[in-house]
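Trainee: Before we discuss this model, could you lay it out so that we can go through it together, one topic at a time?

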Amino acid sequence: MQPHSLVRQWFGPDSPLAKTIVGYELRPAQEQMALLVLEALERKQPLLVEAATGTGKTLAYLLPLLNMGKKVIVSTATKALQDQIVHKDMPLVRKVVVRPFRMAVLKGRANYLCHLRYHKLKENSARLSIKEKQWLTALETWLRKTRSGDRDEWGGMPERPQLWSEVHADTLYCPGRVCPEAQDCFLAHARRQAMEADLVVVNHHLFFADLAVKEGGFGELLPKADCIVFDEAHRIPDIVTRFFGWELSNGQLSDLLRDSREQVGLAGLEDAGFTAEGERLEEALRELRSAFPAENARDGLSPDTMNNRPGRAILQVETALHRLVDAMEPLLDKVASLGPCKRRTIELLETSGRIRQFQDPGRVHWFETRGRFITLSASPLETGPTLRDLLYPAAEYHLFTSATLATGTGDAGFDFLARQLGLLPGEMLAQRLPPPFDYAHRTLLYVPKDIPEPAHGDFAHAAAEEIVHLLNHSKGRALVLFTSQRMLDSVHEAIRDRSPFPLLVQGALPNGILLQRFIEDVQSVLLGLASFWEGVDVPGESLSMVIVDRLPFASPGDPLVAARSRWLESQEINAFKEMYIPKAILSLKQGLGRLLRRRDDRGVLAVLDRRMVDKWYGRWFLDGLPPSPLTRDREAVRRFFQ
Amino acid sequence: MTLRCLALDGSGPLGGVALLEGDRLVESTSCPEGSGFGVTLYARVEHLLTQHHVTVADLGLLTVTLGPGSFTGLRFALGLAKGMALVHGIPILGISTLALQAEASQGNHPWILPLRDAGQGLLFFGLYHALADGLREVIPPSMGRLADMSARLQATIPGETPLCCGPGVATHLEGLETMRCHVPDHPHAQPSAALLGLMGLNRWRHGAQPAALNLEPLYLRPPQAQMQRLASGT
């Protein structure tokens, strides 16, 4: 059957879908996406589809893939989307897909309870506090009922995350098939289910952690699939950077020391050599922290750094780790459970050596200090080659989708992301679907013309004035997104006594509670930073205006950004055009995408950065955004809300 | 009167500025990585000239790197050099970054192969022959994959073992080890702006023709679409 006929059969007015959903409306963008999926299957090419909220993406890819009998892995960036697919979309998909299929959700090891570790904790429960014992009792009750051992299914799980870390299925304590509890192992059960399923839902962290493990030649967690679908695919480059990076922190090393001591202690052993080496490592860790700035900082590392105090401190840590391994050696016969700690020590030693010696010129080396913690990292400069080598051979078909993939119109709009995904034009299909909402009539884009540029000293004051006027027009009901804490504080200070609307400020309460209050109190205004630029889903009146203080260019002072910029420049690539601008467009689209979440939503997008219109690159930003009418007159905003 | 020469290198990641009087180096400074060469270049030049009581009009020659190298850095340095050359009528000479690298790395080897990483598995490369009176360019600055480079070397100097040098060596070490070439222990001698000035003076004395208006950065990277085809080998 022709692709058009198939799509009509699945999504048309006489489809099972139309008969199942009350008040079913045809969605042209959804049908277009399903057609693209079929085309990608036919051409065996990776597919990139930008589809806005409300397109019905999940059905647009699942119906073609499952109806064509493909075995599929769907990977999402957030738990919210995973829950939506599993609990909201899946019951519907089951009703309308022509072939029966089995579905499994696979999560990271830390989500599953390990029977062996649970029994160990119970045996040693005498050391626990009263509250911890209560937690253990609640766990016992839940354990009698659960079939999955997945902590997310433990409704009302009491807050004791540190104890959960002592009972989850940590790879370091897993004896594998020889485990006496292997029969009842929750993780093994989840993996078996995944192996047998036609559709497996995972998250990007698990997916890329699994891919990184495969790169190291170790056992894999995920089953083979015909097609891998990445929803929220714009998050992949950051996640890949993290999972394929090398990282060493004093936190990891302290945990290692704590775990090793615990194993020796539980065996009732006292070994002077081991104790002394543990103390030596502690001292080395103190020196490591002192060798870097006392305040919170993030900066690049260079070979020169390694010739000075930081380099000497790292060497001191490595020496202490070597000696700790030697001290563990004679204890292994008596404390078998010390084996995984020894393995971990050796792995950390290798990581430290790789970072210290700058072994890979394709990486940027940097450090971050936060309070008493110090982390040393070596992150890949580009993610494309890694994905090219590992991801594409892993399945026949790859589909990437998100509401923000393209940085402009036409095929070139996908260049930025494609490069990071290791894809070349001509070997992929890419399409930006029209938004399902009526942006032309239901939204207004406002960019003030008399405001100074963000670098100007008066900008914060002028932005605060502008925000006060805008909030009066919208009667509150706004999300104000800032690119820096300083700007948030400054605007908050300036408007707190002038806004008649309740102000909710990031940092004053946990984000979840702030968001809940923002939804409940319709007139409230939420002032937020990076974490509110994505994933905020507030349909309806509570969110009628999104204000962005400035174009969200990445900070050139960030070591990763600076190194990537230098690296691009060295290849004769204009980093501003090819990295800073596309990255900022994607961030801005994410932020402004908070506004329309339902067909009947309407509102104003206000960007208080005149460069968006006045500078040569302003056109690129405007092309990258949905088609809202542009005004530079605040009076038009007032009229819009009237 | 001794010829005063100002040398500007914007090819990055370490940019540099040098002032020479004849063959005597007056001062050479480099901009440490991360300081933003483009931002500090004008201030550095001004500081260097003021420090030594030299005005732009006193300069007899300008030497500047043309690339391949930092997209923005090259434009900044060349833009400044062209501006000074046009206003004060100073002759200006452009030198490729690969020739500069070859000059910095030559020892007893007759064939020198400077390399810079061009990303996506590609390299910037050139080939230079060390003769008694200086280096002669044999393969002009080019961009390609390791296999392309190997084929060109085979065709140009069959049986010879060139000396690899430059920041591209570390990135492509694995591939280079399978080729017929010599990889030294320390392949990346960072060329200084002073060396750039000396090369400029030498060429000027040997009759190199100055240019100003028509001098452009030597960008080897083709437009992105063509680039992708090159990277994929199609």
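What follows is a set of questions and answers on cavities, cores, single residues and backbone geometry.

Mentor: This is a predicted model, in which local features need pLDDT of at least 70 and side-chain atom pairs count only at pLDDT 80 or more, while totals for chains, interfaces and linings use all residues. Residues are numbered from 1 along each chain as its sequence is written, chains are lettered from A and ligands numbered from 1 in the order in which they are written, and side-chain values use heavy atoms, with hydrogens and water left out.

Trainee: What volume does the largest cavity have?

Mentor: A cavity is a set of points, on a 1 Å grid over the protein atoms alone, where a 1.4 Å probe fits but cannot get out; the points are joined across faces, edges and corners, and the volume is the space filled by probe spheres set on them. A search of the whole structure on these terms finds one cavity of 30 Å³ or more. The volume of the largest cavity is about 40 Å³.

Trainee: Which elements give two or more residues to the lining of the largest cavity?

Mentor: Lining residues have an atom within 4 Å of a point, and those of the largest cavity include A:Val37, A:Ala40, A:Leu41, A:Tyr397, A:His398 and A:Leu399. Helices (H or I, at least four residues) and strands (E, at least two) are DSSP runs, numbered from the N terminus. The elements asked for are helix H3 (28–43) and strand S10 (397–402) of chain A.

Trainee: Where does the largest nonpolar core lie with respect to the domains of chain A?

Mentor: A nonpolar core is a set of buried Ala, Val, Leu, Ile, Met, Phe, Trp, Tyr and Cys residues joined through side-chain atoms within 4.5 Å, where buried means under 20% relative accessible area, exposed over 50% and partly exposed in between, with a 1.4 Å probe and protein chains only. Of its 56 residues, A:Leu48, A:Leu106, A:Leu139, A:Phe207, A:Phe208 and A:Phe400 touch the most other members. Domain bounds come from an automatic or database domain assignment, and because both domains give residues to this core, it lies between domain 1 (3–102 + 384–432) and domain 2 (109–186) of chain A.

Trainee: Is A:Lys107 buried or exposed?

Mentor: A:Lys107 sits in the loop between strand S3 (103–105) and helix H6 (115–123) of chain A. Leaving aside neighbours within four places in sequence, A:Lys107 is in contact (heavy atoms within 4.5 Å) with A:Gln82, A:Tyr112, A:Asp150, A:Asp152 and A:Leu206. Its relative accessibility is 10%, so A:Lys107 counts as buried.

Trainee: How many ångströms separate the C-alpha atoms of A:Leu81 and A:Leu172?

Mentor: A:Leu81 belongs to helix H5 (residues 79–96) of chain A and, at 11% relative accessibility, counts as buried. Beyond its neighbours within four places in sequence, A:Leu81 is in contact with A:Thr76, A:Asp231 and A:Glu232. A:Leu81 and A:Leu172 are 91 residues apart along the chain, and their C-alpha atoms are separated by 30 Å.

Trainee: Which residues does A:Glu277 touch, not counting residues up to four places away in sequence?

Mentor: A:Glu277 is part of helix H13 (residues 272–290) of chain A, and at 11% relative accessibility it counts as buried. With residues up to four places away in sequence not counted, A:Glu277 touches A:Arg323, A:Leu324 and A:Ala327.

Trainee: Is B:His53 buried or exposed?

Mentor: Most residues other than glycine have a negative phi, and most peptide bonds are trans. B:His53, in the loop between helix H1 (37–51) and S4 of chain B, has a positive phi of about 55° although it is not a glycine. A:Glu572 likewise has a positive phi, of about 65°, and is buried, with a relative accessible area of 5%. At 70% relative accessibility, B:His53 counts as exposed.

Trainee: Is the peptide bond from B:Gly67 to B:Pro68 cis or trans?

Mentor: B:Pro68 is found in the loop between strand S4 (61–67) and helix H2 (71–88) of chain B. With omega near 0°, the bond from B:Gly67 to B:Pro68 is cis.

Trainee: How many of the nine residues of helix H3 of chain B are buried?

Mentor: Helix H3 of chain B spans residues 97–105 and is mostly covered. Among its buried residues are B:Thr97, B:Leu98, B:Gln101 and B:Ser105. The number of buried residues in this helix is seven.

How values were computed
On a 1 Å grid over the protein atoms alone, a cavity is a set of points where a 1.4 Å probe fits but cannot get out, and a pocket is an open set with protein on both sides within 12 Å along at least five of seven lines; lining residues have an atom within 4 Å of a point.
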